[in-house]
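Trainee: I would like a close look at a single part of this structure. Please take one strand and its surroundings, and then show me how the rest of the chain compares in its details.

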Amino acid sequence: MERHSNCTSSSSENGVLDVKPLRSLAPMFPAPFGFNAITQSTVPPFVRVTPFGSSPAGSDSSYPSGVPPAFPPFSFHKAPNQKPMNPDPVSVATHVGDAHVAMTPGANGSLRASPLSTSAKTPTSGTFWTPSATNVSIDEDEFPSLDDNMPASGRKTKRAGRRGSNQAGSSGTDVKRKRPNKSLNTELPLLPSSSNHPRESVEIVLMTYDALRRRLLQLDEAKDVNRRQDLKAGAIMAGKDLKANAGKRIGPVPGVEIGDIFYFRFEMCLIGLHAPSMAGIDYMTASFSDKDEPVAICIVSAGGYENEDDDVDVLIYSGQGGSGKHDKKQPDDQKLERGNLALERSLHRKNQIRVVRSTKDVSCPTGKIYIYDGLYKIDDSWVEKGKTGFNIFKYKLLREPGQPDGIAVWKMIQKWKENPSSRGRVILPDISSGAENIPVCLINDVDDERGPNHFVYVTTVKYLRHTTSMKPLEGCMCLSVCLPGDTNCFCAQQNDGDLPYNSMGLLVRRKPLIYECSVSCQCSFNCRNRVTQKGIRLHFEVFRTKDRGWGLRSWDPIRAGTFICEYAGEVISKTRVEDDGEEDEYIFQAMYLGEKASRWNCGPELLEDPDINNSNEVFRPFPITISAKNSGNIARFMNHSCSPNVFWQPVLYDHGDEDYPHIMFFAIKHIPPMTELTYDYGLHGDEAGQQEIGTGFMSQRAKKCLCGSPNCQGYFG
């Protein structure tokens, strides 16, 4: 049965052209300028230093109450045989992120940095140098105070030296702390390890954090309470040392790419991009050849101050303090201290500063989206009167040349949305011919190919028999909408007691099978348990890739757990698959989920939640086979990746035959605009050419993988 919508239904007359994609992927955003995102072996560990000077070894008195120290303090020492640096501070360039150093144990649990080779990159001005730092305490703004509702695992604990840590820059320390739970490695198989690529480690931490936050939100919604699940999830992870890139550094952060997006400040804390969870200026004290000075390493332009950010290459940033908003004091002149002083020193030291810009989250009235925009340097500073009539510091930052686009992509897309005709190289303004809720444009800015081969655009799957003749799906008796925590809701009971989506329509946990509300239910079409049946809600475009045929991407940012689309097409029998002499490039078999998708739920185990039962979430293959060769939708253009950002989830809503669900796609992680959407097709490496799946036709379809991800397996089938 076709999905009803406000648009014209599909027919044979609205078919378009189609070409067989090679089903593979390359990342949309390349590595940051001067930073190799594929091989990170030469990137030094983080520098953990104080924002305002040194503190006695082992001192933890400066840590905020209720939150354990976030990062282990350690020392960098000047490497031997280094030439003296130019004493002129203006000519000094800080290239800590580019230094090639080896870490060896030093006195009192510190680490000593020594040059690995003479091939290290040289600063554009001044002489190559290695900064140093002493044991330090954390800025009081780095972690907020937490309420007493936090579980024991997230409360303040005594710190002990960590052994065998797999995080960059971690070391033994003389500050006591509770060791992480030894059972976590079995409970959370996706936790970062020393064998992980930096990008993979960052994604694992972020995926675990968001899974934990979503579960906390689900539990709070069931109890009808309103709390900050983002802070609670972050404190739990920090308390268990579940972080990537522990410490501080100048320059790029391993595993973090320009264009990456974040919906919570704590996400940036956990991956080492920006340590303070509230303050906009992150800084450290580094030892130069002449003296120790604080320098800024990262700033967040979140709209709290009078910043000017219309230019994609220039940012006019206002200093912190003086507004009276955060300390409930009267407005006053800003003072040249802490973050403001660090920015002023960075003007003279000419060190690179990571810049995170922000934009409004249209899906949440009070939310923001943070975009990592790359490396900047301060070009000028001055003092002027602010809107309150008091003096504020102003800093002019210029973006380093040669970097991939960050915020520029967002501003470009905004122009397209305001004037779709401004999008160049458009072949068709709507490949769906009105069948989708939002037009899907067809773009080719690569070659002269005029579009895919002919196919009929449909919005749902066509079964072998009509849904009215299939087993009906039993409905609920809820009035108006289904509510979380309602034990009488039959749809919640079918979904193991919890509604599968939160109040924002995001999937909370992957399940073997999701039961959405159906025509048999008494609730309205606005019920939160009717997500996938409403069709797409994102602005997609089908585009021509350089070497993988056609692909799919979105103009909108996509949050983890967001519904993408259904795999539409025609259900075919095994006999037809076996008898079809021509290989069908558009066949989907629900026989393989993928490692990343199968562990998407990892994280809530940290709550020691008795309601979490992973034994009920073992992957279940389905006999359904869908072909999108002759009829399909945007899902037929999604290519393969060994590191996918999308996974499939079986859903029932218009019938009750559990062997033939709808195949729905959801976002594994936060996906920036204009990033290609991909999922894991099936077996990898040697298995793709040797092992048979289902009828065995997959073994004949093994292809060379071109996804380019750090853990690419070479082949897929």
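Mentor: What follows starts with one strand and its sheet, then moves outward to a loop, a second sheet, a helix and a cavity.

The model is a predicted one. Its protein chain has 10 helices and 27 strands. Of the 717 residues in the chain, 58% are buried. For contacts between residues at least 6 apart in sequence, 75% join residues at least 24 apart.

The part to look at is strand β23, residues 646-652. Seven of its seven residues are buried, so β23 is largely enclosed by the rest of the structure. In a regular strand, side chains alternate between the two faces of the sheet. For β23, one side carries Val646, Trp648, Pro650 and Leu652, and the other carries Phe647, Gln649 and Val651. The residues on both of these sides are all buried, and both faces of the strand are covered.

Now take the strands beside it. Strands of a sheet pair through backbone hydrogen bonds, in either a parallel or an antiparallel way. β23 belongs to an open sheet of four strands, in the order β14-β23-β24-β17, and the pairing is mixed. The edges are held by β14 and β17 (563-566), each of which has a single partner strand, so one side of each has no neighbour in the sheet. The order can be followed pair by pair. β14 and β23 pair in the parallel sense over two bridges, and Tyr515 has Leu652 of β23 as its bridge partner. β23 and β24 (residues 662-667) run antiparallel and are joined by six bridges. Within β24, Met664 stands opposite Gln649. β24 and β17 also run antiparallel, joined by three bridges, and Phe563 has Phe666 in β24 as its bridge partner.

The edge strand β14 leads to a loop. Leu506 lies in the loop between α7 (490-494) and β14 (514-515). Being in a loop does not leave this residue exposed: its relative accessibility is 5%, and Leu506 therefore counts as buried. Buried here means under 20% relative accessible area. Beyond its neighbours within four places in sequence, Leu506 is in contact with Pro500, Tyr501, Arg559, Ala560, Gly561 and Thr562. One of these, Ala560, is 54 residues from Leu506 in sequence, but their C-alpha atoms are 7.6 Å apart in space.

A second open sheet of four strands has the order β13-β18-β20-β19, again with mixed pairing. At its edges stand β13 (461-462) and β19 (587-589), each with a single partner strand, so one side of each is without a neighbour in the sheet. β13 pairs with β18 (residues 569-571) in the parallel sense over two bridges. Lys462 is found opposite Glu570 in β18.

Helices can be enclosed as well. All of helix α3 (residues 229-239) is buried, 11 of the 11 residues, so α3 is largely enclosed by the rest of the structure. Its buried residues include Asp230 and Lys232 as well as Leu231, Ile236 and Met237. The cover over the buried residues of α3 includes α2 (198-223) and α4 (265-270). After α3 comes Asp241, which has a positive phi, near 60°.

One residue of α2 shows a link between these two helices. Thr208 has its place in α2. With a relative accessibility of 3%, Thr208 counts as buried. Leaving out residues up to four places away in sequence, Thr208 touches Met237, Cys602 and Gly603. Met237 is among the buried residues of α3.

α2 also takes part in a cavity lining. The whole structure holds nine cavities of 30 Å³ or more. The second largest has a volume of about 90 Å³. It is lined by 13 residues, and the closest to its centre are Gln218, Pro484, Gly485, Asp498 and Leu499. α2 gives the most to this lining, with three residues. By class, the lining of the second largest cavity has six nonpolar, three polar and four charged residues.

Last, consider the outside. The accessible surface of the protein chain comes to about 29400 Å², and 50% of that belongs to carbon and sulfur atoms. As for the strand chosen at the start, β23 has both faces covered and sits between β14 and β24 in the order of its sheet.

Notes: Residues numbered from 1 in each chain as written. Predicted model: local features only at pLDDT ≥ 70, side-chain atom pairs only at ≥ 80, totals over all residues. Heavy atoms only, no water. Buried < 20%, exposed > 50% of the residue type's maximum accessible area, 1.4 Å probe, protein only. Contact = heavy atoms within 4.5 Å. Pairing = 2+ DSSP bridges. Areas by Shrake-Rupley, 256 points an atom, 1.4 Å probe, with all protein chains shown as cover. 1 Å grid on protein atoms, 1.4 Å probe; cavity = no way out; pocket = protein on both sides within 12 Å on 5 of 7 lines; lining within 4 Å. Points joined across faces, edges and corners; volume = space filled by probe spheres on them. Nonpolar A, V, L, I, M, F, W, Y, C, P; charged D, E, K, R; others polar.
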